[in-house]
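User: I would like to learn how the labels for this structure are justified. Please take me through them.

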Amino acid sequence: MDVLWMIPLLLLMIIPLLMCTSSTFVFYFKKFFYVAWMMVLALIAIPLCILKSGGRDIENMRIIRFMVRHVKYLLGLRFEVSGWEHLQTEGPYVVISNHQSSLDVLGLMEILPDRCTTIAKKELVYAGTVGLICWLGGIVFINRKKTSDAKSVMADAAKTMLDDQIRLWVFPEGTRNQNGDLLPFKKGAFHLAVQAQVPIIPVVFSSYSNFYLRKEKQFKSGVIRLKILPKIETKGMTSDDVSSLSDKSFDLMRAAFLDISDSITRSNGPVRH
Ligand SMILES: CCCCCCCCCCCCCCCCC(=O)SCCNC(=O)CCNC(=O)[C@H](O)C(C)(C)COP(=O)(O)OP(=O)(O)OC[C@H]1O[C@@H](n2cnc3c(N)ncnc32)[C@H](O)[C@@H]1OP(=O)(O)O
Ligand SMILES: CCCCCCCC/C=C\CCCCCCCC(=O)OC[C@@H](O)COP(=O)(O)O
């Protein structure tokens with residue numbers, strides 16, 4: 001019995017010691033903590049969402065947003081948001097942003113407009129309590145391996161956006177990417193906006209490479225710049241305009257990404273690769 005009491009005490013002493021001495025330990029500890037804590041938060045949020053809305057409902061995103069807001073402090077991250085005024089747009093729209101890591105959820109929750117949910121890969125629904133909370137928050141799940149299925153889900157989503165006055169957040173790169181640049185955009189987000197005839201609001205997250213380096217196993221404290229760009233109208237556009245709309249959005253976002261990432265790198269010293 002005495003020995004069992006010692007275990008938490010020992011952990012309480014060893015963890016801070018390792019946190020001070022090993023950056024690799026900090027990396028794994030923060031990653032584990034992030035996933036575990038999100039799982040716990042989701043577990044708490046599930047009954048709250050069910051009590052409030054009775055099931056799957058976009059209004060649950062308010063509860064989820066509120067519950068995730070503090071997580072940045074626990075990981076030593078800070079957000080600097082610019083362009084708030086561009087989100088002051090009435091009615092439905094499509095938000096598009098670059099996608100570096102599951103940490104993007106923190107930035108998303110930092111600026112998530114009301115009545116806005118996201119499009120995500122269907123595998124996420126199996127992620128335990130996080131999967132269930134995503135479902136309760138009205139997240140639209142797509143099968144990336146079956147383009148025809150994904151297209152029809154997104155066509156339904158375009159209709160729902162207008163019927164229910166909702167906004168959708170899409171990651172047009174289609175996967176996570178931390179190569180220091182943007183991946184070429186997939187077309188789904190742009191078809192969605194054109195089909196619904198709603199504006200696109202591009203959002204850019206600065207590079208995480210000044211605090212989060214997967215290969216080097218570093219996860220330091222850091223600043224993430226979030227830049228909300230002016231909306232791009234799609235009224236009157238048809239599917240013929242999708243490629244040029246995608247190219248235009250890509251060029252604008254890439255320029256903003258390099259600009260805000262570069263200014264962070266300059267103020268924090270060079271990026272280590
Ligand atoms: C309280 C605690 C809480 C704790 C946790 C809280 C979590 C809270 C929630 C936060 C959730 C965050 C979730 C993040 C998850 C992010 C992801 O999962 S990213 C991955 C999934 N998302 C995407 O993939 C979206 C982007 N992808 C696309 O848009 C793709 O286009 C596609 C629809 C999947 C199709 O893929 P693919 O075939 O590879 O792509 P294309 O080359 O673009 O298209 C081929 C072809 O088809 C045409 N086309 C595409 N879409 C459409 C369409 N909707 N309608 C008509 N035609 C379409 C396209 O134009 C191409 O044809 P072309 O002739 O070559 O032009
Ligand atoms: C019992 C199952 C256990 C599963 C554990 C995983 C659960 C993750 C839990 C907490 C993390 C909180 C944030 C969750 C939302 C982030 C989702 C995300 O970023 O998905 C990746 C996807 O965009 C692209 O994936 P790919 O790189 O293309 O593939």
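Analyst: Gladly. This is a predicted model. Start with ligand 1: 39 residues surround it, and the closest are Thr147, Lys186, Lys187, Gly188 and His191.

User: What makes a residue part of the group around ligand 1?

Analyst: The position of its C-beta atom, which must lie within 6 Å of the ligand. In this model 39 residues surround ligand 1.

User: Which helix gives the most to that shell?

Analyst: α7 does, with 5 residues. Other elements supply at least two residues each, including α2 (23–53), β3 (116–121) and α8 (188–196).

User: How many residues of the shell are nonpolar, polar and charged?

Analyst: The shell has 26 nonpolar, 8 polar and 5 charged residues. Gly counts as polar, so Gly188, one of the closest residues, falls in the polar class.

User: Where does UniProt place the feature "transmembrane region"?

Analyst: An unreviewed UniProt entry places it at residues 32–51 and 124–142. In the model, residues 32–51 are 100% helix, with end C-alpha atoms 29 Å apart. Residues 124–142 are 47% helix and 16% strand, and their end C-alpha atoms are 10 Å apart.

User: Why is Val94 said to touch Leu168?

Analyst: Contact requires C-beta atoms within 7 Å. Val94 touches Leu168, so their C-beta atoms lie within 7 Å. Val94 also touches Val170, Leu192 and Ala193, among others.

User: What makes Val94 a buried residue?

Analyst: Val94 belongs to the largest nonpolar core, which has 63 residues. Such a core is a set of buried residues, and buried requires 20 or more other C-beta atoms within 10 Å. Therefore Val94 meets that cut-off.

Conventions: Residues are numbered from 1 along each chain as its sequence is written. Chains are lettered from A and ligands numbered from 1 in the order in which they are written. This is a predicted model: local features need pLDDT of at least 70, side-chain atom pairs count only at pLDDT 80 or more; totals for chains, interfaces and linings use all residues. Helices (H or I, at least four residues) and strands (E, at least two) are DSSP runs, numbered from the N terminus. UniProt positions are given in the numbering used here, feature names are shortened, and annotations may be inferred rather than shown by experiment. A nonpolar core is a set of buried Ala, Val, Leu, Ile, Met, Phe, Trp, Tyr and Cys residues joined through C-beta atoms within 7 Å. A residue is buried if 20 or more other C-beta atoms lie within 10 Å of its own, exposed if 12 or fewer, and partly exposed in between; C-beta atoms are placed from the backbone. Two residues are in contact if their C-beta atoms, placed from the backbone, lie within 7 Å. Lists of a residue's contacts leave out its neighbours within four places in sequence.
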